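Trainee: I'm new to this one. Please give me a close look at its aromatic rings, and then put them in the wider setting of the chains.

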Amino acid sequence: MDFLKVEGVSKSYDNHLAVNKVSLKVPQGKIYGLLGPNGAGKTSIIRMITGITVPDEGKIFFNGTPLARHHTRETGYMPEERGLYPKMKVMEQIIYLLSLKGLSTKEATEAAKTWLERLELSDWANRKTTDLSKGMQQKVQFISTVAHKPQLLILDEPFSGLDPVNAQLIEKEIFNMKEEGTTIIFSTHRMEQVEELCDHIALMSKGQLMLENDIQEVRKQFQKNVYRVEYKGDRSFWERMNKVEVLELTDKFAMLKASESITGKDIMQILINSPLEIFSFELHLPRLREIFIELVGKKNIHSKPLKSI
Amino acid sequence: MDKIWIIIKREYLNIVRKKFFLIATFLVPLGFAAIFGIQILAAKFVEKESYTVLVEAEAMPEITGRLTRGDIVSFENSSLSKDSLRARVEKNKDEIYLTISESILEKKNGTAILIASKNPSQQAIQEIRSKLKDAIQDYKNEKANITKEQLAATDFDLDVETRKVQGGEEKETNIALATGIGFGVSFLMYMLMGIYGSILMQGVIEEKSNRIVEIIVSSIDPFKLLMGKTLAIASVGITQFLMWMILSGVVMTVLAPFAAGMDPQSVQQPGMEVQMDEEGMQAIVYEIQNFDWTILWYFPLYFLGGFFLYGSLFAAAGAAVDNIQDAQQFTLPVTLPMILPMLFLLNIIQNPNGVFAISLSMIPFFSPMTMLVRMALTDVAWYEIVLSILILIGSFLGCIWLAARIYRTGILMYGKKPTFKEIFRWVRYSRN
């Protein structure tokens with residue numbers, strides 16, 4: 001079931017078309033990666049999903065009903081550029097942000113206490129935010145995003161600026177929430193995190209959706225009949241092989257690109273009958289990074305951050 | 001609880017707890033009390049000075065013989081030469097050497113010269129002047145064969161008292177006091193609107209530069225956030241005004257009995273323009289207490305109207321920029337119309353019922369500052385007040401509408417400072 005559906009949504013600012021007829025389906029209880037270079041329209045889409053802005057055209061459905069203001073109670077949003085009130089006490093701050101989500105003061109206080117304890121910040125509850133280290137402030141930020149148990153959690157570059165220890169801690173909590181059934185949208189341009197965390201991805205470029213699918217499906221879709229074989233034996237064997245192109249060869253493994261007239265099964269057959277010792281034979285699935293580059297071009301990945309609205 | 005109340009509560013407490021608010025709220029009336037109190041104390045411990053005025057005995061006996069002793073000066077005929085007199089007053093600080101030219105007696109006016117080692121006090125100079133003038137006048141009268149009896153019989157003094165009729169009843173008014181109150185109230189309005197307007201703007205800029213605003217508007221509509229902040233700060237302004245009124249009332253009540261027991265002469269300060277009459281402080285206190293203070297009921301009304309108008313524009317200016325330095329360019333068009341009526345206050349005071357004054361008190365950007373001055377000085381017709389308030393309400397609604405459009409786009413914009421042209425586009429385009 002799709003928890004969130006975006007249907008043909010467009011949004012323009014001034015004369016700039018930030019999002020162009022994008023449709024997304026975010027499955028329930030999965031971690032959904034929204035990828036794309038800076039300026040692809042990720043933040044614009046997220047702002048529409050969180051209700052901060054309204055689409056020029058198209059519709060958004062939240063758990064089957066058209067998106068409305070009251071859905072903010074069920075949404076947790078951590079923007080890429082985030083901050084807190086520096087002079088406010090940690091506890092007051094969390095309670096304030098949770099109250100704005102619709103929790104009563106009592107509920108908010110309890111949730112804040114539980115989470116502060118969980119992330120080992122209880123001793124800091126009555127300190128001003130500005131007294132906290134950067135890492136602690138980020139934990140406070142995370143608490144105020146998730147402590148009201150949202151059904152939909154939207155994290156825009158959640159790990160940017162996090163030290164490895166906190167990143168791991170937050171990652172663990174994100175998985176916990178997924179286990180509890182929370183649908184999570186995760187926006188980033190860092191591919192290695194996506195492969196590690198996401199079940200599903202959407203790739204955007206220049207305001208348009210390039211692809212959207214289960215992450216394994218995507219990798220299969222972009223496979224190019226390249227096989228990786230671990231072996232032991234005479235490496236000259238590979239050069240004598242027909243209908244395959246050797247892309248990479250060492251004494252331990254070979255990367256083969258099969259021509260269209262030969263299948264994986266055929267190659268396996270040949271290898272079984274060969275004098276080589278075979279340890280593994282697998283279809284090489286491209287890394288997301290490679291797919292990304294193929295779709296949007298290398299240039300876009302390294303493009304300088306454009307400050308979009 | 002509606003979310004807007006959560007915003008109002010936080011913003012209100014956030015400012016009310018700040019040091020500057022407590023200081024301004026308590027120190028202003030206490031400062032006022034202190035000045036008042038010090039005057040009373042000073043009057044009790046005032047040092048009586050005394051001078052001996054030396055006059056050349058030979059010079060003009062017909063005049064010098066008529067000089068009488070005053071409160072702080074006494075006259076002494078001296079037979080010393082001019083040079084020795086000069087030397088003597090240089091040595092003795094409490095002696096003054098008075099010279100007059102003889103020709104003074106033939107003229108309509110003249111100048112006397114006081115020579116001393118330091119400038120005598122204003123009070124002493126005034127007394128010498130009045131005694132000398134009396135002496136000359138007396139001499140001239142005698143020469144013209146006008147007797148003291150004749151003078152006394154024709155002597156006449158006139159006071160002018162202003163009264164206004166209200167509901168068939170006459171009430172004494174004090175124009176000087178009304179002018180002072182008008183100025184004061186108008187200036188207070190200007191200060192409160194300016195200070196709280198820029199506090200609102202700073203709040204908007206801080207939320208933007210702290211990058212918390214995006215988190216907040218994902219929970220509450222930006223318009224509600226803006227209104228919450230505006231209402232909270234307006235309430236702070238009203239709170240401060242009320243505190244000032246209550247504290248000033250307390251101060252007046254506590255100090256009034258002391259003031260009543262004061263010697264009016266002793267509070268008369270050199271250079272003070274308004275000379276106090278015989279009833280002195282007592283009369284002033286009486287008049288302050290009897291002033292028609294209904295004007296104070298209108299203060300919060302005009303403050304709210306003016307604050308919504310200016311405050312929303314300040315907030316819009318804040319939303320357009322990332323930091324306080326950049327805000328300058330956008331605050332100028334907001335502060336300018338605020339200062340303008342202050343420059344016209346004198347015109348209004350001179351003719352509070354003139355076309356110019358009435359027009360100013362109708363223009364929404366000026367009415368909060370100008371209407372109250374008029375109300376202090378004259379009876380403004382009820383329909384003029386109603387009309388000016390209606391215009392003010394209509395205008396601030398328009399300003400809030402405009403500001404909300406700039407605000408909701410501006411708070412999400414970072415990077416380069418927008419131009420006025422871009423801001424107008426936000427207003428036109430703001431569908432969000």
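Mentor: Let's start with the rings, then go on to the largest cavity and chain A. Keep in mind that this is a predicted model, where local features need pLDDT of at least 70 and side-chain atom pairs count only at pLDDT 80 or more, while totals for chains, interfaces and linings use all residues. Residues are numbered from 1 along each chain as its sequence is written, chains are lettered from A and ligands numbered from 1 in the order in which they are written, and side-chain values use heavy atoms, with hydrogens and water left out.

Over all chains there are 15 aromatic pairs (rings of Phe, Tyr and Trp, the last by its six-membered ring, with centres within 6.5 Å; planes under 30 degrees apart are stacked, over 60 edge-to-face, the rest tilted). Take B:Phe344 and B:Phe356: their ring centres are 5.2 Å apart and the planes stand at 90°, so this pair is edge-to-face. B:Phe344 sits in the loop between α13 (324-343) and α14 (345-350) of chain B, and B:Phe356 in helix α15 (residues 355-360) of chain B, so the pair ties together parts 12 residues apart in sequence. Helices here are DSSP runs (H or I, at least four residues), as are strands (E, at least two), numbered from the N terminus. B:Phe344 is partly exposed at 28% relative accessibility, and B:Phe356 is partly exposed too, at 39% (buried is under 20% relative accessible area, exposed over 50%, partly exposed in between, with a 1.4 Å probe and protein chains only).

The rings of B:Trp382 and B:Tyr383 have centres 5.9 Å apart and planes at 85°, so they are also edge-to-face; both residues are exposed. In chain A, ring pairs join A:Tyr231, A:Phe237 and A:Trp238 into a cluster.

Some rings have a charge over them (NZ of Lys or CZ of Arg within 6 Å of the ring centre and within 35 degrees of the ring normal). B:Arg10 lies over the face of A:Tyr85, 3.7 Å from the ring centre. In chain B, the charged end of B:Lys208 is over the ring of B:Tyr414, 5.6 Å from its centre.

Now the cavities, of which 3 have 30 Å³ or more (a cavity is a set of points on a 1 Å grid over the protein atoms alone where a 1.4 Å probe fits but cannot get out, and lining residues have an atom within 4 Å of a point). The largest holds about 80 Å³ of space. Its lining draws on both chains, including A:Tyr77, A:Lys101, A:Gln141, B:Ile215 and B:Ser218. β6 (75-78), α2 (90-101) and α4 (134-146) of chain A each supply at least two of the lining residues, and α4(A) gives the most, with 3 residues.

As for chain A, it has 11 helices and 14 strands. Its C-alpha atoms fill a box of roughly 75 × 45 × 35 Å along the principal axes, and buried residues make up 50% of its 309 residues. In helix α1 (residues 42-49) of chain A, 8 of the 8 residues are buried, so this helix is largely enclosed by the rest of the structure. Among them are A:Lys42 and A:Arg47, along with A:Ile45 and A:Met48. After α1(A) comes A:Gly51, with a positive phi near 80°.

Key. 1 Å grid on protein atoms, 1.4 Å probe; cavity = no way out; pocket = protein on both sides within 12 Å on 5 of 7 lines; lining within 4 Å. Points joined across faces, edges and corners; volume = space filled by probe spheres on them.
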